[in-house]
Amino acid sequence: MDILIGLVISSIMLIYSVVKDVFIGIPLTLCLFIFCTIAYKRGYSFKEIFKIAYKGGEKSFIVGKILLLIGMVTASWMASGTVEGMVYYGINLMNPRFFILYTYIICTMVSYIMGTAFGTVGTIGLSLMCIAKMGNLNPNIVAGAIVAGAYFGDRCSPMSSSANLIANLTDTDIYTNIKNMLKTTVIPVLLCILIYFLFSLKYPLNLVEKGINEEILKYFKISIIVLLPAILILVLSVFKIDVKKSMSLSIILAFIISYFYQDVGIKDFLYYSLFGYKISSDTILSSIIKGGGVVSMLSAMYITFVSCALAGVLEGTDLLSNVNKLLKNIDSRYKLFIYTCICSIITAAFGGNQSIAIVLTIQLMNEIYKEMNLDKYQFALDIENTAVLLSPLIPWNISGLIPATTLGVSSVKYIPYAFYIYLLPIINIIHLKLINMKVKNRLEF
């Protein structure tokens, strides 16, 4: 009962903070305090609770390193002209009437190559957002298209860490999983293309091509050279080089280009890497091409640490056994998928990150899938269609928080436009419901 009360109070606080636009770190810290108190009441000492929480928080350190690198990549790419170069060529090559559609398709392709949502958002996604801001487009719509495309590859690329994690935990072959995932992806992707096409027609990119590109050329040297840091990351991802190493090498290359090609001093480059990039001159670019840096990621790092600490404490308070009792009355395949969705949302909300949501959902649902005689490939597919995709829908989960922070938008307001991440689960529920109805009609007949 105390766990249930804690979950209800925590949910109310988190939802209230989202509605009122309160820094999400505050209610998360209060949630951590609530569950630490419950653990103390159950007989754990303060020392034990601290160890449990810190052990959970330690899992955020790897993500924290990636956050720091994303901040530095963003600033270094702006200093080297990489972002500006992609904006320059993007304006020349893309039809402004279909910009939102292009954004979704490009991010879908890049994410499949890179296998990471964060990498996609922090590279090509950032450049597309700069173009959108120059063209006076609603940044939340564009961010939704970027995140929707980014999570295509995060879900079903052979290089995706989440796809590999699920294959390992469910003891399945990743390429068989990808084949199954691509089958369930066709309809959602086609619907997204149609929706973003209609949004593109309604909200075309509105910019004066000559004026923007002239401004860019006034302050930056633009050639294929400035695109090398982005090309390097794409090439290294094809060879499955660890994303942290790829980002580090890209930062080094961006420094070389900024120093020798853009005439940026070492002191200035270090300042940008730490505090974020900015153009000191009075130009339209100064309000658009700015940001990044280590400092910009500190709040996201704090949220990540508290979320992981909270997940660690929840695991130490027997939440899993209590939730398992609520999942015993499932009597059909489509209901099982709905319960898996609910379970994924809960684990994503209180776990704070996609990996924790995946691991906890597999732990919770594994026995139930076995009891219903469903093979491990159906189980793996359901986890891909729930825990992986639904995590970005939680505003304080790092799966959605980091892309929002990187793109400079609210972690709530872009969600309605990220159609892919919720269309796929909805369409899957409808598909399973129709199958269930057909089977039922045959039995009755």
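Is D263 buried or exposed? D263 counts as exposed, at 59% relative accessibility. Here buried means under 20% relative accessible area, exposed over 50%, and partly exposed in between (1.4 Å probe, protein chains only).

## Basis

This is a predicted model: local features need pLDDT of at least 70, side-chain atom pairs count only at pLDDT 80 or more, and totals for chains, interfaces and linings use all residues. Residues are numbered from 1 along each chain as its sequence is written, and side-chain values use heavy atoms, with hydrogens and water left out.

## Overall fold

The protein has 21 helices and zero strands. Helices (H or I, at least four residues) and strands (E, at least two) are DSSP runs, numbered from the N terminus. Along the principal axes, the C-alpha atoms fill a box of roughly 70 × 60 × 40 Å. The radius of gyration is 23 Å, which agrees with the value near 22 Å for a compact globule of 445 residues. That radius is taken over C-alpha atoms, and the globule rule is 2.2 Å times the number of residues to the power 0.38.

Of the 445 residues, 54% are buried. Among contacts with a separation of 6 or more, 80% join residues 24 or more positions apart. Contact means heavy atoms within 4.5 Å.

## Surface and charge

The accessible surface comes to about 20,100 Å². Carbon and sulfur atoms hold 67% of that surface. Areas come from the Shrake-Rupley method with a 1.4 Å probe; for residues, only the protein chains shown count as cover.

There are 34 positive and 24 negative side chains. The centres of the two sets lie 3 Å apart. Lys and Arg count as positive and Asp and Glu as negative, while His and the chain ends are not counted. Each charge is placed at NZ of Lys, CZ of Arg, CG of Asp or CD of Glu.

## Helix 6 and its ends

Helix 6 covers residues 99–114, 16 residues in total. From first C-alpha to last, helix 6 reaches 22 Å, close to the 22 Å expected at 1.5 Å a residue. The expected span is 1.5 Å times one less than the number of residues. Its buried residues are F99, I100, L101, T103, Y104, C107, T108, V110, S111 and M114. An α-helix has 3.6 residues a turn, so residues three or four places apart point the same way.

Just after helix 6, G115 takes a positive phi of about 75 degrees. On the other side, P96 sits in the loop between helix 5 (82–93) and helix 6. P96 is partly exposed at 36% relative accessibility. P96 touches P204 and L205, leaving out residues up to four places away in sequence. The C-alpha atoms of P96 and N206 are separated by 7.2 Å, although the two are 110 residues apart along the chain.

## Positive phi in two loops

D263 lies in the loop between helix 13 (243–260) and helix 14 (266–275). Its phi is positive, about 60 degrees, although D263 is not a glycine.

D171 lies in the loop between helix 9 (161–170) and helix 10 (174–202). Phi of D171 is near 55 degrees, a positive value in a residue other than glycine. D171 is exposed, with a relative accessible area of 57%.

## Buried loop residues

The contacts in this section and the next leave out residues up to four places away in sequence. W396 is in the loop between helix 19 (376–390) and helix 20 (398–407). W396 is buried, at 7% relative accessible area. It touches L14, V18, I24, L28, I303, S307, A349, G352 and L401. The C-alpha atoms of W396 and D331 are separated by 33 Å, with their positions 65 residues apart along the chain.

I289 is in the loop between helix 14 and helix 15 (298–315). At 0% relative accessibility, I289 is buried. I289 is in contact with M78, E84, C130, M134, Y277 and I279.

## Two helix residues

S17 is in helix 1 (residues 2–19). S17 is buried, at 2% relative accessibility. Its contacts are V22, I24 and P27. I24 is also among the contacts of W396.

V359 is found in helix 18 (residues 354–371). V359 is partly exposed, with a relative accessible area of 28%. V359 touches L165 and L169. V359 and C31 are 328 residues apart along the chain, and their C-alpha atoms are separated by 21 Å.
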